[in-house]
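Here is my notebook from a first walk through this structure. Keep the view open beside it and follow along.

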6 protein chains.
Amino acid sequence: MANEAISITADSDPIWKAICDETKITMNEEPILTSFLHSTILNHQSLESALSFHLAHKLDSPTASALLLRDVIQQALEGDPRIGKAMRCDLSAIMERDSACDSFSIPFLYFKGFHSLQAYRVAHWLWNQKREALALFIQNCISTQFGVDIHPAAKIGHGILIDHATGVVIGETTTIGNNVSILQSVTLGGTGKEHGDRHPKVGDGVLISAGAKILGNIKIGDGAKIGAGSVVLQDVPAHTTVAGVPAKIVGRPRTEQPALDMNHGINCDRDDCDRDDD
Amino acid sequence: MANEAISITADSDPIWKAICDETKITMNEEPILTSFLHSTILNHQSLESALSFHLAHKLDSPTASALLLRDVIQQALEGDPRIGKAMRCDLSAIMERDSACDSFSIPFLYFKGFHSLQAYRVAHWLWNQKREALALFIQNCISTQFGVDIHPAAKIGHGILIDHATGVVIGETTTIGNNVSILQSVTLGGTGKEHGDRHPKVGDGVLISAGAKILGNIKIGDGAKIGAGSVVLQDVPAHTTVAGVPAKIVGRPRTEQPALDMNHGINCDRDDCDRDDD
Amino acid sequence: MANEAISITADSDPIWKAICDETKITMNEEPILTSFLHSTILNHQSLESALSFHLAHKLDSPTASALLLRDVIQQALEGDPRIGKAMRCDLSAIMERDSACDSFSIPFLYFKGFHSLQAYRVAHWLWNQKREALALFIQNCISTQFGVDIHPAAKIGHGILIDHATGVVIGETTTIGNNVSILQSVTLGGTGKEHGDRHPKVGDGVLISAGAKILGNIKIGDGAKIGAGSVVLQDVPAHTTVAGVPAKIVGRPRTEQPALDMNHGINCDRDDCDRDDD
Amino acid sequence: MANEAISITADSDPIWKAICDETKITMNEEPILTSFLHSTILNHQSLESALSFHLAHKLDSPTASALLLRDVIQQALEGDPRIGKAMRCDLSAIMERDSACDSFSIPFLYFKGFHSLQAYRVAHWLWNQKREALALFIQNCISTQFGVDIHPAAKIGHGILIDHATGVVIGETTTIGNNVSILQSVTLGGTGKEHGDRHPKVGDGVLISAGAKILGNIKIGDGAKIGAGSVVLQDVPAHTTVAGVPAKIVGRPRTEQPALDMNHGINCDRDDCDRDDD
Amino acid sequence: MANEAISITADSDPIWKAICDETKITMNEEPILTSFLHSTILNHQSLESALSFHLAHKLDSPTASALLLRDVIQQALEGDPRIGKAMRCDLSAIMERDSACDSFSIPFLYFKGFHSLQAYRVAHWLWNQKREALALFIQNCISTQFGVDIHPAAKIGHGILIDHATGVVIGETTTIGNNVSILQSVTLGGTGKEHGDRHPKVGDGVLISAGAKILGNIKIGDGAKIGAGSVVLQDVPAHTTVAGVPAKIVGRPRTEQPALDMNHGINCDRDDCDRDDD
Amino acid sequence: MANEAISITADSDPIWKAICDETKITMNEEPILTSFLHSTILNHQSLESALSFHLAHKLDSPTASALLLRDVIQQALEGDPRIGKAMRCDLSAIMERDSACDSFSIPFLYFKGFHSLQAYRVAHWLWNQKREALALFIQNCISTQFGVDIHPAAKIGHGILIDHATGVVIGETTTIGNNVSILQSVTLGGTGKEHGDRHPKVGDGVLISAGAKILGNIKIGDGAKIGAGSVVLQDVPAHTTVAGVPAKIVGRPRTEQPALDMNHGINCDRDDCDRDDD
């Protein structure tokens with residue numbers, strides 16, 4: 001079978017096993033979804049196979065048939081096994097951080113931030129293979145279908161949560177570390193019309209709250225927190241909370257990796273905290 | 001006929017009658033729309049039947065066939081007649097508050113804020129029936145098709161206007177009163193990764209302007225106004241205008257229910273007003 | 001042939017010629033896109049023909065067949081040749097200002113800001129023909145497919161860049177001059193529920209950064225710059241930079257037409273500049 | 001629920017129960033079909049509901065949406081319960097006579113002769129309601145999708161097997177009794193261009209073998225057998241076998257109702273048989 | 001407008017006028033068809049425009065988009081006005097000869113013999129333009145969608161009725177005169193594998209009954225009648241009736257052009273008639 | 001890449017090489033087909049990959065998505081390499097015998113007899129894997145899309161031409177040898193309702209002309225010819241021509257394998273020939 005080469009058996013892949021187990025329970029509870037759940041999950045041998053099937057359906061459009069898209073997604077997943085690993089980290093990240101989510105199957109099936117990110121990973125692989133045209137084509141599919149615009153040349157780590165996702169923009173020379181959480185309507189944008197390195201460099205564990213705009217080739221240090229609605233035009237030191245338009249330092253996140261807490265509080269008088277509840 | 005049970009005759013349903021009358025006029029003016037208008041409106045016996053048909057087409061996707069979706073929407077509309085009542089209040093609200101709209105049929109046919117809200121009402125009914133899986137499925141359909149993300153567990157009153165709608169996010173434990181107006185890119189979000197009650201409680205008559213982010217289990221009092229682009233992290237007293245990042249009290253709305261005025265002005269030096277024109 | 005009347009030969013239309021030439025190169029580099037590129041570009045005699053084909057596919061939905069949409073788009077392009085001219089200016093604008101873009105074919109094929117704008121131009125033509133119903137229908141297609149909401153009555157010049165585009169809202173009585181750049185999540189909105197002239201008037205060469213909300217019938221002077229995330233409720237003088245919530249004057253753009261630079265910097269202590277790098 | 005009124009519980013409907021039971025076994029044996037089988041059969045409360053869903057999908061085309069077709073099919077099934085009864089007789093007939101078929105679910109799901117016949121029953125009901133235009137529309141759907149052309153005014157009994165079905169034509173004033181078997185490429189046609197009664201009258205239990213053409217207002221007596229490839233232009237007495245071009249009497253069927261045996265033999269020297277094996 | 005050049009106003013085109021008038025009546029009687037009838041007929045300026053729209057929808061498939069097909073059909077109709085004239089003759093022929101049909105709109109909308117024939121006319125035009133590949137592509141669309149296989153190189157006159165149509169095959173070097181009627185399952189085929197002229201030459205006014213096979217480069221004289229189910233391997237003189245396997249002369253048609261009578265009788269003892277009723 | 005395992009390079013596969021070469025020429029001659037030809041042929045590494053893509057699109061329907069179908073077709077092609085070999089023989093057979101066809105790509109792309117046969121080969125493989133349910137599902141897809149009904153249990157050799165194909169029926173216990181030609185509307189059917197071996201056994205090199213019906217467990221000897229429209233109810237000796245209703249011996253084919261000549265003549269007085277031209 002076509003997918004054998006990349007098949008990871010359920011036994012050796014606990015996330016895939018969990019998704020299958022959760023799905024079987026859901027199918028019993030909600031027979032109406034049986035059709036969808038079976039063809040999308042239980043019909044597959046591996047998480048990679050399920051992902052290529054599901055994403056191909058999600059990105060399908062009159063100008064990009066599901067058959068063509070699935071071939072491309074499979075090529076990427078087989079061409080670089082790190083995509084599958086990063087996807088599993090992303091699923092764990094969502095499970096851990098999103099209070100409204102207590103399963104692996106829900107984000108896999110429904111979260112368009114997750115779908116956008118995995119489709120970006122495919123486009124990024126194409127970009128690195130010097131297949132820029134096809135990478136831009138996929139970028140457009142993501143933008144049209146999900147309202148998320150990630151340039152395929154951007155470099156993004158693993159364990160990423162893009163929550164709610166509508167309106168997120170991530171520019172060409174952006175780099176994002178691991179274990180970062182990004183909320184809806186966030187922009188990691190360039191400034192000026194010069195080519196070259198012009199987008200933010202985001203460290204590990206950073207939390208970027210809803211609607212924040214980070215513009216230009218500036219550095220957001222590890223463990224920083226960017227308040228909702230902030231406009232950041234200058235470097236942000238590690239383990240610092242910034243907020244406002246334009247953003248100013250207002251405190252320190254309570255934890256090393258605020259992305260993991262998802263605490264969006266920024267009201268703080270003291271230097272060492274951003275607790276909004278005391 | 002399948003829809004008879006829920007049929008409300010045009011005579012006893014003035015909004016449905018108005019939609020039909022408006023549609024007949026439009027069909028004369030723009031024959032190109034005849035096809036669409038007839039199958040979506042005039043072919044139906046009741047507003048409920050038209051809604052289930054129209055929403056099913058709007059939410060249709062390769063993973064959710066229109067036939068399946070229509071069955072579910074009909075079940076909800078028949079299962080809880082309050083959905084139909086709330087829908088009529090929502091239509092009246094749009095008609096009354098949106099200056100660019102002077103008919104019932106336009107929002108019914110075209111406003112994706114209205115479509116998102118009614119689809120949420122269906123998902124909410126499913127959630128209360130303990131059919132969480134299907135409710136989350138519908139939530140994803142709404143998010144993908146309209147760019148609006150409303151958790152099915154949220155509690156939302158009637159007479160709601162979600163204007164332009166793209167990017168709106170409403171979290172799991174949010175409650176929203178009656179006669180509230182919400183503009184595009186508004187977030188009613190949680191903070192922290194703990195489960196439990198963690199989203200805003202919005203009173204009656206509140207106006208939430210474009211791009212405002214309201215985060216955490218805080219209370220927005222009746223008749224409050226939240227300025228555009230504000231980030232609200234603390235309770236807002238009733239009949240108070242707040243603005244800024246983070247939001248501070250800047251005045252009082254000129255009317256009891258600013259949602260009805262749709263006046264987004266916040267520039268005010270005096271305590272008792274937010275008039276931007278005097 | 002149907003398109004002959006409006007055919008502009010490649011020789012006399014350098015942008016169309018460039019798009020065709022770029023496409024031939026891309027087809028060699030990425031055979032997978034051959035199908036898409038040929039039917040969308042090389043199969044056509046003119047930029048207008050290609051646009052009507054591509055937009056019709058992009059806007060296609062169960063309620064609006066591609067066949068019907070293409071007829072309407074062709075009517076508009078043939079009815080008012082200024083649409084084709086404005087489209088060419090828009091393509092040149094993107095090419096010139098968007099650092100991530102160095103071809104005409106990429107925005108033509110993939111940028112949903114460009115697609116939204118051209119579809120608006122079609123809807124605007126219908127509106128002026130007193131075909132309001134069909135214009136509103138197209139507005140809804142744009143909003144649903146691209147997450148961009150432009151009222152067909154708005155008046156928009158040429159040489160416009162709508163970058164990334166998700167969440168952009170442009171209201172009914174808005175006017176926008178030439179050579180304006182608008183980023184994602186920008187609102188040009190009304191205030192109050194009165195009918196009549198209630199939206200912004202934006203001059204030439206203005207740059208409106210990501211997430212800015214400009215509300216009410218206020219004047220944004222030529223060459224002004226609106227900082228990211230700003231909320232603008234009052235007139236902005238020409239050649240002035242404003243920022244903040246609510247927006248205040250913070251400096252002067254470094255050039256006459258900041259839209260052309262795409263420099264989003266607003267941190268400036270001196271009156272005469274907004275350089276963020278010195 | 002919409003389908004309740006016509007719901008026949010599985011307990012009181014042995015054919016529906018059998019279809020459901022067979023389907024559950026098949027789903028275990030062939031998981032790939034789970035999606036299809038669940039949405040088409042197990043998701044429904046009654047055979048009528050499953051039929052309307054399945055036929056609507058089968059007849060779906062760009063000019064007739066599944067949503068519209070399902071409404072019409074439901075109206076017919078609810079408007080005349082005899083359609084459901086006849087359908088059950090047809091299923092039993094196939095099960096009993098078709099050697100390649102030993103279940104109810106296979107013909108329900110896959111036999112286009114069965115699908116054509118049930119769609120005809122819907123069109124016939126419409127015709128009797130004086131909705132000729134819609135009846136002709138459905139006739140065209142059947143002809144295009146299945147290659148079977150049955151005029152909606154024809155009168156057809158129950159317990160009918162249309163085997164393989166491609167190319168079958170049944171004209172406007174045809175009547176067909178009960179328990180008749182009709183093979184592929186059979187024509188029951190008119191002759192002459194006069195309006196009025198001009199098609200065959202076929203009795204009970206008749207077997208019409210592959211490719212036979214029966215033309216004109218002639219009577220085919222009960223229990224007659226029409227040999228494959230015959231051209232019948234004159235009355236055929238009851239319990240008689242005819243064959244040839246033009247057809248002549250060649251013997252007698254071995255049983256009272258040759259339709260039930262499906263024995264197509266016609267080589268017979270003796271008056272009392274058409275045994276081809278002795 | 002694109003179709004202006006070929007526009008024939010309703011006033012000067014009585015068939016188009018009749019179709020529009022009939023359609024308006026039907027729309028009143030059967031509102032469910034309003035959508036379909038309007039977009040297919042009333043939305044158009046001419047019969048040619050309506051035909052290109054309707055055929056494009058009918059032939060639409062995953063490998064041939066309606067948009068592409070419509071362009072090709074329009075090119076043919078504009079490239080050779082004789083196609084439109086022949087189409088009108090075909091409609092008149094059906095109206096006159098088919099007892100089950102008393103309008104122009106019914107065959108235009110629903111008869112797949114008519115649709116196949118017009119699509120062949122488009123393919124034939126392409127073939128004569130030396131665009132064989134596209135002509136064969138269209139031939140395949142016709143064969144797949146309608147079950148009718150007409151080689152684009154065949155030459156076919158006007159006033160042609162292909163009744164019921166399923167299974168009709170017309171080979172490459174066939175010629176068919178004017179005013180011919182062809183029933184379902186008829187083959188006009190070649191014999192031998194040599195290239196060159198190897199198919200039948202059918203004169204004017206010929207009636208070819210259901211299932212007849214005419215094989216080889218033989219001549220079927222003007223006004224001949226070919227009995228149902230016949231296999232014709234030799235020339236048939238003008239005004240002669242043949243029948244049987246292989247076909248033999250059995251009489252003379254009662255009229256000069258049996259195609260116009262549609263009388264399929266062949267039982268005749270006398271040389272000068274084929275009356276089956278005396 | 002998924003298809004690598006079964007990849008046969010163009011160099012080692014002359015038929016695949018010819019198809020690719022022919023396609024490149026066609027693309028130059030008819031740019032409108034570029035899209036279709038590229039995605040269907042040139043985008044693939046092997047004939048098998050192209051076949052699975054093309055067949056999946058051809059069989060696509062609301063109840064069987066192209067994605068699912070392609071997976072199944074690929075499994076079959078990889079599971080039994082004899083399918084690919086038989087397909088190549090079939091292509092050679094068509095090329096050699098069909099006078100209207102002088103390329104490999106035309107039948108591959110367009111001949112529904114070829115498509116039906118390859119889809120049957122997939123279904124037959126499934127049947128032998130004891131996946132009867134899925135095999136019957138595919139049988140139904142073939143019947144609905146192509147008007148060809150081949151039971152998946154039938155056994156069919158290689159080098160088979162099914163010409164024009166509409167209406168062909170091949171029953172469950174049929175066996176067909178190699179190098180057989182079958183024309184449109186041919187039935188290889190059973191007789192009687194008993195289970196067990198009840199369909200024809202057709203030898204090598206047999207020619208079965210249009211509309212012939214062969215019924216029952218009878219033997220058609222090697223090199224036999226069955227005249228058009230014949231009804232065969234008894235064994236046919238090898239190298240014998242039969243014709244008529246019922247069929248009688250009328251001569252001998254001029255060659256050993258009449259299937260290769262495609263000479264349909266049956267008029268012969270002499271024992272040793274069936275020349276219709278001397």
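**Entry 1: a helix in chain B.** I began with helix 7 of chain B, which covers residues 112-128 and so counts 17 residues by the DSSP run. I was working on a predicted model. From the first C-alpha of helix 7 to its last I got 24 Å, close to the 24 Å expected at 1.5 Å a residue. Then I asked how many of the 17 residues of helix 7 of chain B are buried. The count came to 16, and helix 7 is thus mostly covered. Just after helix 7 of chain B I met B:K130, with a positive phi of about 65°.

**Entry 2: other positive phi values.** I reminded myself that most residues other than glycine have a negative phi. With that in mind I looked at A:H239, which is not a glycine and yet has a positive phi of about 55°. I found A:H239 in the loop between strand 13 (231-232) and strand 14 (241-243) of chain A. Is A:H239 buried or partly exposed? I counted 19 other C-beta atoms within 10 Å of A:H239, and a residue needs 20 or more to be buried, so A:H239 is partly exposed.

In chain E I noted M262: E:M262 has a phi near 65°, again positive in a residue other than glycine. E:M262 sits in the segment after helix 9 (258-261) of chain E. Here the count inside 10 Å is 23 C-beta neighbours, so E:M262 counts as buried.

**Entry 3: cis peptide bonds.** Most peptide bonds are trans, so I made a note of the cis ones I came across. In chain C, the bond from C:V245 to C:P246 is cis, with omega near -5°. I placed C:P246 in the loop between strand 14 (241-243) and strand 15 (248-251) of chain C. In chain D, a cis bond joins D:V245 and D:P246, with omega about -5°. D:P246 lies in the loop between strand 14 (241-243) and strand 15 (248-251) of chain D.

**Entry 4: chain A as a whole.** I stepped back and tallied nine helices and 15 strands in chain A. Along its principal axes, the C-alpha trace of chain A spans about 60 × 45 × 30 Å. For 278 residues, a compact globule would have a radius of gyration near 19 Å, and chain A agrees, with 19 Å. I also noted that 68% of the 278 residues of chain A count as buried. Of the contacts in chain A between residues at least 6 apart in sequence, 40% join residues at least 24 apart.

**Entry 5: a sheet in chain A.** Next I traced an open sheet of five strands in chain A, in the order 1-4-7-10-13, with parallel pairing. Which strands stand at the edges? They are strand 1 (149-150) and strand 13 of chain A; each has a single partner strand, so one side of each is left without a neighbour in the sheet. Inside the order I picked out strand 4 (residues 169-170) and strand 7 (residues 187-189) of chain A, which pair in the parallel sense over two bridges. There I saw A:V169 opposite A:T187 in strand 7.

**Entry 6: chains C and B.** I superposed chain C on chain B with a rotation of 120° and 0.0 Å of shift along the axis, at an RMSD of 0.0 Å. The two copies are thus related as by a three-fold rotation axis. They use different surfaces: 18% of the contact residues of chain C recur in chain B.

The contact takes 39 residues from chain C and 40 residues from chain B. On the chain C side, helix 4 (66-79), helix 8 (132-146), strand 7 (187-189) and strand 10 (213-215) each supply at least two residues. Helix 8 of chain C gives the most to this side, with seven residues. By class, I sorted the chain C side into 13 nonpolar, 19 polar and seven charged residues.

**Entry 7: chains B and D.** Here I found twelve residues of chain B in contact with twelve residues of chain D. Helix 3 (47-59) and helix 4 (66-79) of chain B are the elements that give two or more residues to the chain B side. Helix 4 of chain B gives the most, with seven residues. The chain B side has seven nonpolar, three polar and two charged residues.

**Entry 8: pairs without contact.** I closed by checking two more pairs. No contact joins chain C and chain D, and their closest C-alpha atoms lie 9 Å apart. No contact joins chain A and chain E either, with their closest C-alpha atoms 9 Å apart.

Terms used
Residues numbered from 1 in each chain as written. Chains lettered and ligands numbered in written order. Predicted model: local features only at pLDDT ≥ 70, side-chain atom pairs only at ≥ 80, totals over all residues. Helix = DSSP H or I, 4+ residues; strand = E, 2+ residues; numbered from the N terminus. Buried ≥ 20, exposed ≤ 12 C-beta atoms within 10 Å, placed from the backbone. Expected span 1.5 Å × (residues − 1). Pairing = 2+ DSSP bridges. Least-squares fit on C-alpha atoms with pLDDT ≥ 70 in both. Contact = placed C-beta atoms within 7 Å. Nonpolar A, V, L, I, M, F, W, Y, C, P; charged D, E, K, R; others polar. Rg over C-alpha atoms; globule rule 2.2 N^0.38 Å.
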